[in-house]
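The following exercises ask the reader to work from a coordinate set towards an account of its fold. Please examine the sequence and the model before attempting them.

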Amino acid sequence: ELRGEIMVFQPMLIRDIGKDGVTVETRFPLYLDSLHELRLTLSEKSLVVKGRVAHSAITDVDQDVVTYRSGLEFVGASGRVLDAIRDFLAAIKSDRMGS
């Protein structure tokens with residue numbers, strides 16, 4: 001008997017992003033220390049980055065829907081990806097300070 005796994009992209013809500021990681025909300029659990037590929041759209045750039053689950057908890061239960069909030073730390077991100085994240089964060093900070 002052979003076993004395998006398939007990776008399926010599921011939607012998530014990004015609650016917070018920083019240069020080292022991201023906090024997301026999902027309707028499915030993410031297990032501590034598990035690795036996931038995240039596809040992020042930052043302004044006009046789309047990137048894929050690997051993240052390790054640092055913490056996860058149930059934040060809401062509404063009828064049949066459970067919401068989980070998880071923190072993932074970026075792992076092995078290339079310089080190009082980290083630069084894109086830093087540029088995105090700097091642009092947001094600049095927009096907030098200019099408003």
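The exercises below concern a predicted model and proceed from the whole chain to single residues.

**Exercise 1. Overall composition**

Task: State which secondary structure elements the protein chain holds, and in what pattern they follow one another along the sequence.

Solution.
Step 1. The protein chain contains one helix and five strands.
Step 2. Along the sequence, these elements give the pattern β-β-β-β-β-α.
Step 3. For the extent of the model, the C-alpha atoms of the protein chain fill a box of roughly 55 × 35 × 20 Å along the principal axes.
Step 4. The accessible surface is about 7400 Å², and carbon and sulfur atoms contribute 50% of this surface. Of the 99 residues, 26% count as buried.
Step 5. Among contacts with a separation of 6 or more, 49% are between residues 24 or more positions apart.

**Exercise 2. Topology of the sheet**

Task: Determine the order of the five strands in the sheet, and explain why one side of S1 and one side of S3 are left without a neighbour there.

Solution.
Step 1. The strands are arranged as S1-S2-S5-S4-S3 in an open sheet, with antiparallel pairing.
Step 2. S1 (13-17) and S3 (35-42) are the edge strands; each has a single partner strand, so one side of each has no neighbour in the sheet.
Step 3. On average, neighbouring strands of this sheet are turned by 40 degrees against each other, direction ignored.
Step 4. The helix is then placed: H1 (residues 79-98) packs on the sheet and touches S1, S3, S4 and S5 (65-75). The direction of H1 makes about 65 degrees with that of S4.

**Exercise 3. Strand pairing and hairpins**

Task: For the pairs S3 with S4, S4 with S5, and S2 with S5, state how many bridges join the strands, and give examples of facing residues.

Solution.
Step 1. As background, strands of a sheet pair through backbone hydrogen bonds, in either a parallel or an antiparallel manner.
Step 2. S3 and S4 (residues 45-62) pair in the antiparallel sense over eight bridges. Glu37 stands opposite Lys50 in S4, and His36 has Gly51 of S4 as its bridge partner.
Step 3. The hairpin of S3 and S4 has two residues between the strands, and Ser43 takes a positive phi near 55 degrees there.
Step 4. S4 and S5 run antiparallel and are joined by 11 bridges. Ile58 stands opposite Tyr68 in S5, while Val53 has Leu72 of S5 as its bridge partner.
Step 5. The hairpin of S4 and S5 likewise has two residues between the strands, with Gln63 at a positive phi near 55 degrees.
Step 6. S2 and S5 also run antiparallel, joined by six bridges; here Thr23 stands opposite Gly71 in S5.

**Exercise 4. The nonpolar core**

Task: Identify which residues have the most contacts inside the largest nonpolar core, and which element supplies the largest share of this core.

Solution.
Step 1. The largest nonpolar core has 16 residues, and those with the most contacts inside it are Ile17, Val22, Leu40, Leu42, Leu72, Phe74 and Ile85.
Step 2. At least two residues of this core come from each of S2 (21-26), S3, S4, S5 and H1. The largest share, four residues, is supplied by H1.
Step 3. Leu40 illustrates the packing: beyond its neighbours within four places in sequence, Leu40 is in contact with Met12, Ile14, Ile17, Lys45, Ser46, Leu47, Val49 and Phe74.

**Exercise 5. Two hydroxyl-bearing residues**

Task: Decide whether Ser34 and Thr26 are buried or exposed, and describe the surroundings of each.

Solution.
Step 1. Ser34 lies in the loop between S2 and S3. The relative accessible area of Ser34 is 19%, and the cut-off for a buried residue is under 20%, so Ser34 is buried.
Step 2. The side chain of Ser34 makes a polar contact with the side chain of His36 at 2.8 Å. Apart from its neighbours within four places in sequence, Ser34 is in contact with Gly51, Arg52 and Val53.
Step 3. Gly51 links these results, being also the bridge partner of His36 in S4.
Step 4. Thr26 belongs to strand S2. Its relative accessibility is 4%, so Thr26 also counts as buried.
Step 5. The side chain of Thr26 reaches the backbone oxygen of Phe28 at 2.5 Å. Leaving aside neighbours within four places in sequence, Thr26 is in contact with Met12, Val66, Thr67 and Tyr68.

Notes. Residues numbered from 1 in each chain as written. Predicted model: local features only at pLDDT ≥ 70, side-chain atom pairs only at ≥ 80, totals over all residues. Heavy atoms only, no water. Pairing = 2+ DSSP bridges. Axes fitted to C-alpha atoms, helices over the stretch in contact; angles between N-to-C directions. Contact = heavy atoms within 4.5 Å. Core = buried A, V, L, I, M, F, W, Y, C linked by side-chain atoms within 4.5 Å. Buried < 20%, exposed > 50% of the residue type's maximum accessible area, 1.4 Å probe, protein only. Polar contact = N/O pair within 3.5 Å; in protein donor to acceptor, adjacent residues only side chain to side chain. Areas by Shrake-Rupley, 256 points an atom, 1.4 Å probe, with all protein chains shown as cover.
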